[in-house]
Amino acid sequence: MTMQDSKSSSPGLGDSAPDFEAQTTHGMIRFSEWQAGRWVILFSHPADFTPVCTTEFVEFCHCSEFMKDRDVALLGCSVDSIYSHIAWIRDIESKFSVDVDFPVIADLDQAVSRKYGMISEPTSQTAPVRSVFFIDGEGTVRAVISYPPEVGRSFSEIKRVIEALQVVDRHGVSCPANWTKGEAVIVPPPKTTADAKQRSQDDELESKDWYLSHKKIED
């Protein structure tokens, strides 16, 4: 089977993140060992030395401390060579005064890109789209966002999704539309008529109806 004949399939929500070995700008890694129980944002970019990708790498650098504070590791991927990655990173660091401190996969054979469905063949058979995989500490895919090559990512949304997923895990709640950190969350709906009646009498909750209740959390 040739590279062009191989299908690109993306892991879905709740799937285990596919394991792989790859050469990166930090050396060879096996993903499952490198992850080591951390959350990971695995993201792809179409090509080195391109305008939109450059702006995104600068923003990933600006997010570095935010991610470290939440035990989230960044891992980039494109089908360029390791030498191209190194030259591009050095150029970004020089031109924008940032530190690209996360590894970038040199996926020349598209093995990682196709394992994660980053190659959208109607868009391009050779270059990845702008995929973002949110992978939790158990190695489970929790969210996926994909952007076309022409549109840069929303980094406020990437940060919002990380914070929301971690709040969901810590507190067993849900996050409403447009939720941001500090806002009220949604508690699970009651499962019995008795619980529904009690829900309306709970002073700690702001209940719009028996099935929709918000509460503030300390987080």
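**Close-up views of a predicted model**

**View 1. Residue classes in the lining of the largest pocket.** Six nonpolar, one polar and four charged residues make up this lining. The model shown here, and in every view below, is predicted. The residues in question are W34, R38, S64, K68, D71, V72, A73, L74, D101, F102 and P103. The pocket holds about 170 Å³ of space.

**View 2. Elements around the largest pocket.** Two elements, α3 (64-69) and β4 (72-78), each supply at least two residues of the lining. Strand β4 gives the largest share, with three residues.

**View 3. The largest nonpolar core.** This core has 30 residues. Those that touch the most other members are I41, F57, M67, F102, F134 and I158. Several elements give two or more residues to the core. The strands are β3 (39-44), β4, β6 and β7 (141-147). The helices are α2 (51-62), α3, α4 (82-96) and α6 (155-171). A second core of 18 residues is separate from this one. Its members include L75, Y116, I135 and V141.

**View 4. F102, in the pocket lining and in the core.** F102 is one of the residues lining the largest pocket. F102 is also among the members of the largest nonpolar core that touch the most others. Which residues does F102 touch, not counting those up to four places away in sequence? They are T25, H26, F43, F57, F60, C61, L74 and G76. Of these contacts, F57 is likewise named among the core members that touch the most others. L74, another contact, shares the pocket lining with F102.

**View 5. T54 on helix α2.** T54 lies in helix α2. Is T54 buried or exposed? T54 counts as buried, because its relative accessibility is 12% and the cut-off is under 20%. Leaving aside neighbours within four places in sequence, T54 is in contact with W88, I92 and F96. Helix α2 gives two or more residues to the largest nonpolar core, as does α4 (82-96).

**View 6. R130 and its polar partner.** R130 sits in strand β6, which covers residues 130-135. With a relative accessibility of 3%, R130 counts as buried. The side chain of R130 makes a polar contact of 2.9 Å with the side chain of E56. I119 is 11 residues from R130 in sequence. In space, the two are 9.4 Å apart, C-alpha to C-alpha. Strand β6 also gives two or more residues to the largest nonpolar core.

Terms used. Residues numbered from 1 in each chain as written. Predicted model: local features only at pLDDT ≥ 70, side-chain atom pairs only at ≥ 80, totals over all residues. Heavy atoms only, no water. 1 Å grid on protein atoms, 1.4 Å probe; cavity = no way out; pocket = protein on both sides within 12 Å on 5 of 7 lines; lining within 4 Å. Points joined across faces, edges and corners; volume = space filled by probe spheres on them. Helix = DSSP H or I, 4+ residues; strand = E, 2+ residues; numbered from the N terminus. Nonpolar A, V, L, I, M, F, W, Y, C, P; charged D, E, K, R; others polar. Buried < 20%, exposed > 50% of the residue type's maximum accessible area, 1.4 Å probe, protein only. Polar contact = N/O pair within 3.5 Å; in protein donor to acceptor, adjacent residues only side chain to side chain. Core = buried A, V, L, I, M, F, W, Y, C linked by side-chain atoms within 4.5 Å. Contact = heavy atoms within 4.5 Å.
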